[in-house]
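Visitor: Could you take me through one helix and its surroundings in close detail? I'd like the cut-offs along the way.

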Amino acid sequence: MIRATTVAERVARLREDFDRSFAEPARVFDDENIELLAVRAGERPYAIRLDQSSGVHPDRPVTALPTTVRALLGVAGYAGAVVPVYDLAALLGHPIPQRPRWLLLTTGAPPLALAFHELDRHLRVPATDVIDGGDGGGRPGCLHGMVRLDDGDRPIVDVQATRELVHQLAGHRPVPEEIR
């Protein structure tokens, strides 16, 4: 790779990259691989399916609310919407060592953000490395399956089940549009 030294060279390189992006074939998602985020919540390793996430944000301001729900950290603003933020470690029944840095905005309605401590990496693993079902610890129902990795297995957080737990904690009864 040749390093551009002038602004004109960098502009030319960006122009080439932009044009080349249209010439390359579109990225194809397949059923043979699963995309995950490797995260840490309460110092424990977990994985979250990327298709259950609509964004990951570091250091997002969270406004605390007066509450008796230990896992509720407060609310954060996303594109004009106020979204409740829950600590994933607390939802999984772990002690909360420190305030989480990362927020994962989940897919689905109503909006929900899950806070976790570390974003380890993005994973694209063969579907054969994912074991469906089972519970890898934590609260029953919030974990669904495991992924086998070279550095150890990780339980997979089921975002929909976690959303249902949040609804129970908040005393919320979902309307039909909010049910799977």
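Guide: Here is a look at helix H3, from its ends to what packs around it.

This is a predicted model, where local features need pLDDT of at least 70, side-chain atom pairs count only at pLDDT 80 or more, and totals for chains, interfaces and linings use all residues. Residues are numbered from 1 along each chain as its sequence is written, and side-chain values use heavy atoms, with hydrogens and water left out.

H3 covers residues 159-170; helices here are DSSP runs (H or I, at least four residues), strands likewise (E, at least two), numbered from the N terminus. Its 12 residues reach 16 Å from first C-alpha to last, close to the 16 Å expected at 1.5 Å a residue (the expected span being 1.5 Å times one less than the number of residues).

At the N-terminal end, Asp158 acts as the cap, with a side-chain oxygen 3.2 Å from the backbone nitrogen of Gln160. Past the other end comes Gly171, with a positive phi near 70°.

Now the buried side, meaning under 20% relative accessible area with a 1.4 Å probe, protein chains only: Val159, Gln160, Ala161, Thr162, Arg163, Leu165, Val166 and His167. Their cover includes strands S2 (44-49), S5 (81-87) and S11 (154-157), helix H2 (88-91), plus S6 and S7.

Those last two strands also share the structure's one aromatic pair: Trp102 and Phe116 are stacked, 6.4 Å centre to centre with 10° between the planes (ring centres within 6.5 Å, using the six-membered ring of Trp, and planes under 30 degrees apart). Trp102 sits in S6 (residues 102-106) and Phe116 in S7 (residues 113-116), 14 residues apart, and both are buried.

Definitions and conventions. Phe/Tyr/Trp six-rings, centres within 6.5 Å; stacked < 30°, edge-to-face > 60°. Buried < 20%, exposed > 50% of the residue type's maximum accessible area, 1.4 Å probe, protein only. Contact = heavy atoms within 4.5 Å. Polar contact = N/O pair within 3.5 Å; in protein donor to acceptor, adjacent residues only side chain to side chain.
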